[in-house]
Amino acid sequence: MPPFAHVLAGFTLGFAFRRKLAQVLRETPSNSSIASLDPTRLTVGGIAALALDFDGVLAPHGFPVPLPEAQEWLARCSKVFGADRIFILSNKPTEARMAWFRNNFPEIRFISGVRKKPYPDGLEKAGELARVPMSAILMVDDRLLTGCLAALVAGARPLYIRRPCISFSHRPMAELFFMMLRAGERFLLK
């Protein structure tokens with residue numbers, strides 16, 4: 001696959017799903033973060049498995065481990081869903097991150113060996129591993145044209161994080177870049 005094919009797919013698929021993405025944006029509260037997500041309430045809505053982005057959702061960009069509050073949230077989610085039904089679907093699955101999960105949440109798996117989001121491959125693999133229908137998977141992501149779009153393409157449910165984890169002291173240029181990407185996505189969908 002050519003480099004950056006997932007970027008082109010983001011624009012072409014994003015155009016095809018623009019109305020649904022705009023609806024996701026409109027319906028997402030401005031303070032949406034994982035801290036505001038109650039795992040038990042998610043199951044009431046029919047969610048049986050979680051696919052989580054890492055950067056912006058569990059930690060700021062480039063962090064090797066989830067933030068302490070994300071670790072606590074993952075522990076609650078593991079009790080509700082079962083850790084074997086939680087997946088990390090990140091376009092940057094570093095060895096340090098995978099090692100941390102092996103040591104702390106060994107049943108939570110990284111989805112790898114698939115095309116990057118917004119392609120639906122990672123969510124399809126999560127559905128197979130969790131043995132649940134796509135409509136029972138919640139993709140939690142801080143980007144509309146990657147994870148949220150992948151969820152719509154796959155038939156899973158997107159949950160957009162409008163208040164992502166950021167750290168300007170750690171990687172200021174990366175955080176600024178992704179803030180601009182998020183703002184650009186929201187602008188295009190309004």
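Where is the place of His 61? His 61 sits in the loop between β1 and α4, and the views below start from that residue.

The model is predicted: local features need pLDDT of at least 70, side-chain atom pairs count only at pLDDT 80 or more, and totals for chains, interfaces and linings use all residues. Residues are numbered from 1 along each chain as its sequence is written, and side-chain values use heavy atoms, with hydrogens and water left out.

**View 1. Surroundings of His 61 in the loop between β1 and α4.** His 61 counts as buried, at 5% relative accessibility. Buried means under 20% relative accessible area, exposed over 50%, and partly exposed in between (1.4 Å probe, protein chains only). With neighbours within four places in sequence left aside, the residues in contact with His 61 include Asp 55, Lys 92, Asp 142, Glu 175, Phe 178 and Arg 182; contact means heavy atoms within 4.5 Å. His 170 is also in contact with His 61. The C-alpha atoms of His 61 and His 170 are separated by 8.4 Å, although the two are 109 residues apart along the chain.

**View 2. Glu 175 in helix α8 (residues 172-189).** Helices (H or I, at least four residues) and strands (E, at least two) are DSSP runs, numbered from the N terminus. Glu 175 is buried yet has no salt bridge. A salt bridge is a side-chain nitrogen of Lys or Arg within 4 Å of a carboxyl oxygen of Asp or Glu. The nearest side chain of opposite charge to Glu 175 is Arg 182, 4.7 Å away; Lys and Arg count as positive and Asp and Glu as negative, while His and the chain ends are not counted. A polar atom of the Glu 175 side chain lies 3.1 Å from the backbone nitrogen of Ser 167. Beyond its neighbours within four places in sequence, Glu 175 is in contact with Pro 60, His 61, Cys 165, Ile 166, Ser 167 and Phe 168.

**View 3. Lys 117 and its acidic partners Asp 53 and Asp 141.** The side chains of Lys 117 and Asp 53 form a salt bridge of 3.0 Å, N to O. Lys 117 lies in the loop between β3 (109-110) and α6 (121-130) and Asp 53 in the loop between β1 (49-52) and α4 (68-81), so the pair ties together parts that are 64 residues apart in sequence. Both residues are buried, with Lys 117 at 4% relative accessibility. A polar contact of 2.9 Å joins the side chains of Lys 117 and Asp 141. A polar contact is a pair of N or O atoms within 3.5 Å; within protein, one must be able to donate a hydrogen and the other to accept it, and residues adjacent in sequence count only if both atoms are side-chain atoms. Other residues in contact with Lys 117 include His 6, Leu 89, Asn 91 and Met 139.

**View 4. Salt bridges of Asp 55 with Arg 97 and of Glu 185 with Arg 143.** The search of the whole structure finds eight salt bridges. Asp 55 and Arg 97 meet at 2.6 Å, N to O. Asp 55 lies in the loop between β1 and α4 and Arg 97 in helix α5 (residues 95-104), so this pair ties together parts that are 42 residues apart in sequence. Asp 55 and Arg 97 are buried. In the pair of Glu 185 and Arg 143, the closest N and O atoms are 2.7 Å apart. Glu 185 is buried, with a relative accessible area of 3%, and Arg 143 is buried at 14%.

**View 5. Helix α7 and what packs around it.** Ten of the eleven residues of α7 are buried, so the helix is largely enclosed by the rest of the structure. Among the buried residues are Leu 144, Thr 146, Cys 148 and Ala 154. The buried residues pack against α1, α2 (18-27), α6, β4, β5 (157-160) and α8. Gly 155, just after α7, takes a positive phi of about 90°.
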